[in-house]
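This briefing goes through the fold of each chain, a few selected elements and the place where the chains meet. The sequence and structure come first.

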Amino acid sequence: MSHWIIAPIILPALLAPLIAFVMRYDIVLARAASFAGALALVAIAVGLAVISADGAVHVYDLGNWPAPFGIVLVLDRLSAVLVLLTAVLALIVLTHAAATGWDTRGRHFHALFQFQIMGICGAFLTGDAFNLFVFFEILLIASYGLMIHGGGKVRLQAGLQYVVMNLAGSTLFLIALGTLYAATGTLNLADLAVKVREIPIEEAALIRVAAMLLMVVFAIKAALFPIQFWLPATYANAPAPVAALFAIMTKVGAYAIIRIHSMIFGPEIAATDGLTGTWLFPAAAVTLAIGAFGVLGARRLMPLLAFSVVASMGTMMLAVAAFTPWATTAALYYLIHSTFAAAALFLLADLVVSRRPEGDRLDPAPATVQNGLFAALFFAGAVAMAGMPPLSGFLGKLMILDALRDPQFMALGWTAVLAGSLLVIVGLARAGSVLFWRSTAVAAHVPAADDPEPRPASPIQIAPTMAAIGMTALLAAFAGPLTDFLDAGSRQVFHAEDYIAAVLGPQEVPEVPQPEPDAVEDPVQEEG
Amino acid sequence: MELIVASSVGVLTAGGVYLVLRLRAFPVILGLALLSYAANIFLFASGRLRINAPPVLQKYGEAVYTDPLPQALTLTAIVIAFGMTALLVMVALGAFIEAGDDRIDMTEADDAGKAVRKDGAA
């Protein structure tokens with residue numbers, strides 16, 4: 001059993017209190033520690049991705065208690081690739097936050113940042129539904145602090161709404177877990193998969209309730225219709241680097257739907273047959289429509305980008321709702337792409353908005369410094385987000401369209417994706433032309449005596465945005481190998497027998513613990 | 001027993017939802033606390049209700065026991081809900097001090113309480 005599986009959780013968990021208590025008055029030290037942590041996390045995540053590439057499901061029994069009695073962490077291709085995505089995004093966002101000085105505008109940025117990373121990595125790695133709840137709470141409580149980082153009236157009010165919304169969501173999560181436990185008597189994901197398979201259709205009422213409650217909880221996180229309304233207010237008012245980091249938080253909800261509703265309440269399970277997809281697919285289409293119209297109608301840049309995140313979640317969940325391995329592969333590719341595209345746009349928006357006297361309002365204003373460079377970067381980010389060639393958004397949407405060729409999905413799915421893309425293109429083009437193009441026609445800004453000219457962005461401030469856009473270019477360039485990896489990963493999710501065998505051991509675990517637990521435990525250890 | 005537990009969950013949830021919908025910081029905090037109590041009792045009851053039974057497995061014999069796992073889950077949930085409520089109070093206090101009002105997701109036009117107060121003053 002490889003101990004490296006728990007490293008992405010332990011490392012930030014140890015680093016965060018160290019930064020909070022030992023380095024609280026020394027921002028240089030805190031930055032150095034945070035960077036070292038982020039770099040180490042990238043290295044660990046690459047290592048885990050290499051480990052997971054052998055196709056086996058790796059299990060880590062905490063305290064060496066055998067599943068389903070102990071808590072397990074599970075590493076398969078899906079969780080490995082998402083941990084790697086988190087690590088790379090964290091490094092990019094951290095560089096931006098340190099280079100632009102966002103981390104000095106309030107206290108404990110780096111400690112909260114590390115706790116957030118811990119919660120996200122934990123949610124991706126855990127193999128236990130209650131542990132998923134705990135990691136959700138960790139990433140949420142850190143996100144509350146990050147959301148109101150820097151303070152200000154509007155931000156605190158938006159932060160309060162965000163906290164209330166998510167606390168209500170957490171309560172619902174607990175009730176869903178209680179229902180699940182009452183129906184099956186377990187919360188271990190592998191054990192749940194076994195138990196749900198055995199439930200006959202006539203006794204399935206409770207488990208169907210639990211499945212739908214869980215979907216509502218994850219839909220809150222993934223910002224799906226009708227509970228997407230918190231996202232634009234939150235992302236538009238959060239500090240821009242935090243909004244860029246939050247790009248992965250909606251993906252945690254999407255991951256949970258893929259993991260739980262594909263593996264446990266999957267398509268061929270008698271008790272919950274077709275239940276999730278029936279609701280998820282129309283909800284995703286409406287989400288995409290709301291996001292697209294929001295992009296078209298937004299009058300400020302930050303809400304516009306927030307609505308583009310809503311649209312990308314809708315696009316992605318259309319593919320997830322098909323619940324086939326190939327559609328999930330397409331969704332995962334689009335997930336990685338949209339994370340980097342959204343992060344790039346939010347980071348760029350921070351650079352632009354902080355230099356405009358009008359802030360993020362989409363009004364023509366005199367050209368600010370480095371207008372050409374920012375325009376080029378916005379163009380590249382918008383191309384990625386809207387899904388035009390040559391960046392990865394195009395390939396992602398193409399894969400999603402291909403995955404939705406089933407006549408059951410094709411009419412609504414293709415219409416939603418294609419029309420939504422058109423609206424997003426128009427909206428982003430309008431924003432770009434107002435921000436950068438028409439600004440050159442306005443008379444040059446005459447700086448007042450007490451109004452210092454905005455300083456041009458230094459290379460280190462632009463580098464994170466370029467890195468995020470570069471990642472979408474890399475995704476497009478290496479789409480073949482990546483898709484093969486993701487396809488193997490989604491097959492692993494849909495072929496739950498491997499997961500169950502790895503976690504519970506090859507033989508069926510009886511209800512009451514037997515005197516010889518070693519028989520259950522040994523095969524797991526050999527595989528790890 | 002079942003009736004008491006079920007109706008307390010129901011009453012707590014109803015009260016919690018009503019208070020959350022008041023859209024003011026203090027009722028919302030109380031409402032979320034009530035909702036978390038309801039969730040905790042519900043979670044506790046998910047292991048079946050059984051009186052006078054030890055929460056451990058008897059090694060010998062067919063002794064009756066009550067499921068210990070929901071109790072552990074409830075304990076974790078209580079701790080988390082407690083911490084979250086404390087944090088929510090702090091965020092609400094910060095928002096109130098900065099903004100000067102305790103509205104949550106409510107525009108000034110919708111603020112009936114404030115309008116009445118203005119009329120009364122005028």
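Two residues are in contact if their C-beta atoms, placed from the backbone, lie within 7 Å. The model is predicted. On that contact criterion, the contact between the chains takes 23 residues from chain A and 25 residues from chain B. Chain A has 21 helices and two strands, whereas chain B has four helices and zero strands.

**Contact between the chains**

- On the side of chain A that touches chain B, the elements giving two or more residues are α5 (129-147) and α6 of chain A.
- Helix α6(A) supplies the largest share of that side, 17 residues.
- By residue type, the side of chain A that touches chain B holds 16 nonpolar, five polar and two charged residues.
- Helix α6 (153-184) of chain A also packs against the buried residues of α1(B), together with α2 (25-45) of chain B.

**Chain A overall**

- A compact globule with 528 residues would have a radius of gyration near 24 Å, and the 23 Å of chain A therefore agrees with that expectation.
- The C-alpha trace of chain A spans about 80 × 55 × 40 Å along its principal axes.
- Of the 528 residues in chain A, 61% are buried.
- Among the contacts in chain A with a separation of 6 or more, 80% join residues 24 or more positions apart.

**The strand pair of chain A**

- Strand β1 (residues 58-61) of chain A and β2(A) run antiparallel and are joined by four bridges.
- At one end of β1(A) by number, A:His58 stands opposite A:Leu75 in β2(A), while A:Asp61 stands opposite A:Val72.
- Both faces of β1(A) are covered, with A:His58 and A:Tyr60 on one side, A:Val59 and A:Asp61 on the other, and all of them buried.
- In strand β2 (residues 72-75) of chain A, A:Val72 and A:Val74 point one way, A:Leu73 and A:Leu75 point the other way, and all are buried.

**Helix α19 of chain A**

- Helix α19 (residues 479-494) of chain A has 16 residues and reaches 22 Å from its first C-alpha to its last, close to the 22 Å expected at 1.5 Å a residue.
- Its buried residues are A:Leu482, A:Leu486, A:Gly489, A:Ser490, A:Gln492 and A:Val493.
- These buried residues lie on the same side of α19(A) because they cover an arc of only 150° around the axis.
- The face turned away from the buried side of α19(A) carries the exposed residues A:Gly480, A:Pro481 and A:Asp484.
- The cover over the buried residues of α19(A) includes α3 (77-100), α11 (249-263), α14 (325-353), α18 (459-477) and α20 (496-504) of chain A.

**A:Arg197 in chain A**

- A:Arg197 is located in helix α7 (residues 189-198) of chain A.
- A:Arg197 counts as partly exposed because 15 C-beta neighbours lie inside 10 Å; a residue is buried at 20 or more and exposed at 12 or fewer.
- From A:Arg197 to A:Ile269 the C-alpha to C-alpha distance is 5.8 Å, although the two are 72 residues apart in sequence.

**Chain B overall**

- The elements of chain B run α-α-α-α from the N terminus on.
- Of its 122 residues, 30% count as buried in chain B.
- Residues 24 or more positions apart make up 55% of the contacts in chain B with a separation of 6 or more.

**Helix α1 of chain B**

- The 19 residues of helix α1 (residues 2-20) of chain B should span 27 Å at 1.5 Å a residue, and the end C-alpha atoms are 27 Å apart, which agrees.
- In α1(B) the buried residues are B:Val9, B:Leu12, B:Gly16, B:Leu19 and B:Val20.
- Because they cover an arc of only 110° around the axis, these buried residues are on the same side of α1(B).
- The other side of α1(B) has B:Leu3, B:Ser7, B:Gly10, B:Val11, B:Ala14 and B:Tyr18 exposed.

Note on methods. Residues numbered from 1 in each chain as written. Chains lettered and ligands numbered in written order. Predicted model: local features only at pLDDT ≥ 70, side-chain atom pairs only at ≥ 80, totals over all residues. Rg over C-alpha atoms; globule rule 2.2 N^0.38 Å. Expected span 1.5 Å × (residues − 1). Arc of directions from axis to C-beta. Pairing = 2+ DSSP bridges. Nonpolar A, V, L, I, M, F, W, Y, C, P; charged D, E, K, R; others polar.
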